[in-house]
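Here is a friendly walk through reading a model, one feature at a time. Have the viewer open as you go.

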Amino acid sequence: MKLLKLCGLLIILFLAGCQTATQETIHPIDSSIEVKKSDGSKSDVISHANIVVPKVSLTFNGLADNDTMKLLLTKLDESNMKATFFLDGMRVAQEPELVKDILKRGHEVQNGTLTFPDVSTLNYEQTYEEIMLTNQIFEEHLGYTPKFVRSRSGDVTDNMRLAAKALDMKAVIGLSINPLDRKMQSAQELINYISKYIDRGSIIHLNTYINPAIIDAIPLLAQLAKEREYTITTLSDLLDERYLTKSVEEIAGYDAVSPNLNYEQVQPNLYYRKETTKKEIAITFDDWAHEKRVKEVLDVLRKYNIKSTFFLIGSGVEKNPQLAKMIVEEGHEVASHSYYHLDVTKMTPEDLQADLVKAHQALTYALQEPPLLYFRPAQGIMDERTAKIITAAGIKTIAMYDIASFDWNLDYSAQDIYDRVISRVAPGKVIVMHILDGTNTVEALPLIIEKLLEDGYSFSKMSTWIEEDSNRDVNEQ
């Protein structure tokens, strides 16, 4: 009986789709369907997975014709890549054997709504029906209920979230990389776009039925994944790797930095270098970059077994929190380099402390633990009044430096950076370098490290020096 009702609904849908294509108002699919009332709670929205492992999810919307699908599935098999297909319920009902073949090959199939409508035009009841009827078709033909839903465009509406929650689905899926293949780009153009934005945890959105270039894009994507050391996998496999489990308010120490305008009598601690004759030095890094650059810097440090202190920009970390987590898991330490990277001496006390709070919470959420209560100002600019404002907010140490590598300057070659740093080296000095896209930092860094090792230097994290000097000061009192 249930299957007969679904078949009848499919006929109604087909006819209604032909008749109402030009109408502005979309009516409910079937007035006899019982729509569960929403209690106001919404499902999660997932557009990116915060993971440390190097995995990326490849997703497709829709079913192309049989010949195109067979070519696509063959290319995926040859490239040893698994993907997630968001399919409209109508096509699943029409071609269940093709969908079962997708599943047999190790791919994943999820809810792509019933008729691939423009979800922004649907009210709650219509949205609920689109998702619920598709779930029923999956149950009838495939033997399971989808746990994720995505619209044709990848757009997410409140009604989708409300309906997905009412139907006990895990999440509405967005996307983090959408090359807009409907623009009919070539395979290489599609990959160039993906290459620019891909990082671990990305969800790539392609369509099976619009641009035939996606077929030739698959081996190019496989090559890109090999070069970047990514595994291309299904959405569920990607999401199983997520590490973020607590909201920032649930993490002890999230409020260690807070507004406090009683700063006049505060005694700030500015740290520039360690007073020592031992051949030890600290290499530190400021700013933020895409994953490729972050990983390149970490690879160099790992090669030489050097641990460092990273001062990260909160607004960047907020977009890719897994990279900050990766830095800490490599044995390095993380501290604040502000949220907006502004000249702190030109900010009002209120704006400066708000920036400090926002950066601290962004780092805390990314790491799932508070960062060091250190702060390094943009461009190293600081004055006494500003230092007091920063300290009053809860920052323990304003961590400065006394060797500026100038590696941020795009006109500086690796040799220029090397010469500037090495000519200023002395025991106890703090070097500042940068994780920025497009610079020659990664080329200069091994040259600098090898010269310092040759000259007998060891490397320290800033926290080691700061704690040693703090304990020494206490003992001398």
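What follows is a short dialogue between a learner and a teacher.

Q: Before zooming in, what kind of model is this, and how many helices and strands does the chain have?
A: This is a predicted model. The secondary structure of its chain comes to 17 helices and 17 strands. Along the principal axes, the C-alpha trace spans about 85 × 50 × 35 Å.

Q: What share of the chain is buried, and what share of its contacts joins residues 24 or more positions apart?
A: Of the 477 residues, 53% are buried. Among contacts with a separation of 6 or more, 82% are between residues 24 or more positions apart.

Q: How should I read two packed helices?
A: Two numbers do the job: packed helices are described by the angle between their axes and the distance between those axes. Take α10 (residues 291–303) and α12 (residues 321–329), which pack at an angle of about 5 degrees with axes 11 Å apart. Angles under 35 degrees count as roughly parallel, so α10 is roughly parallel to α12.

Q: Which residues of α10 and α12 meet?
A: From α10 come Glu 291, Val 294 and Leu 298, and from α12 come Leu 323, Met 326 and Ile 327. Sorted by class, this contact has five nonpolar residues, no polar ones and one charged one.

Q: At what angle do α10 and α16 cross, and how are they oriented?
A: The axes of α10 and α16 come within 10 Å and cross at roughly 10 degrees. That makes this pair roughly parallel as well. On the α10 side the contact uses Arg 293, Glu 296, Val 297, Val 300 and Leu 301, while α16 supplies Thr 441, Val 442, Leu 445, Pro 446 and Ile 449. The class count for α10 with α16 is seven nonpolar, one polar and two charged residues.

Q: What else does α16 (441–454) help to cover?
A: Look at α15 (residues 414–422), whose buried residues are Ala 414, Ile 417, Tyr 418, Arg 420, Val 421 and Ile 422. Their cover includes β15 (403–404), β16 (430–434) and α16.

Q: How can I check the span of a helix such as α5?
A: Compare the expected span with the distance between the end C-alpha atoms. Helix α5 (residues 124–142) has 19 residues, so at 1.5 Å a residue it should span 27 Å, and its end C-alpha atoms are 26 Å apart, which agrees.

Q: What do I find at the two ends of α5?
A: At the start, a side-chain oxygen of Asn 123 reaches to within 3.2 Å of the backbone nitrogen of Glu 125. After the helix comes Gly 143, with a positive phi near 85 degrees.

Q: Is α5 mostly covered or mostly open, and is Thr 134 buried or exposed?
A: The helix is mostly covered, with 14 of its 19 residues buried. Thr 134 is found in α5. Burial means a relative accessible area under 20%, and Thr 134 has 0%, so this residue counts as buried. A polar atom of its side chain lies 2.9 Å from the backbone nitrogen of Leu 114. Beyond four places in sequence, Thr 134 contacts Leu 87, Gly 89, Asn 111, Thr 113 and Leu 114.

Q: Where is His 360, and which residues does it touch?
A: His 360 lies in helix α13 (residues 349–367). With a relative accessible area of 3%, His 360 is buried. Not counting residues up to four places away in sequence, His 360 touches Gly 253, Tyr 254, Ala 256, Val 257, Pro 370, Pro 371 and Leu 373.

Conventions
Residues numbered from 1 in each chain as written. Predicted model: local features only at pLDDT ≥ 70, side-chain atom pairs only at ≥ 80, totals over all residues. Heavy atoms only, no water. Axes fitted to C-alpha atoms, helices over the stretch in contact; angles between N-to-C directions. Helix = DSSP H or I, 4+ residues; strand = E, 2+ residues; numbered from the N terminus. Parallel < 35°, antiparallel > 145°, perpendicular 65-115°, else oblique. Contact = heavy atoms within 4.5 Å. Nonpolar A, V, L, I, M, F, W, Y, C, P; charged D, E, K, R; others polar. Expected span 1.5 Å × (residues − 1). Buried < 20%, exposed > 50% of the residue type's maximum accessible area, 1.4 Å probe, protein only. Polar contact = N/O pair within 3.5 Å; in protein donor to acceptor, adjacent residues only side chain to side chain.
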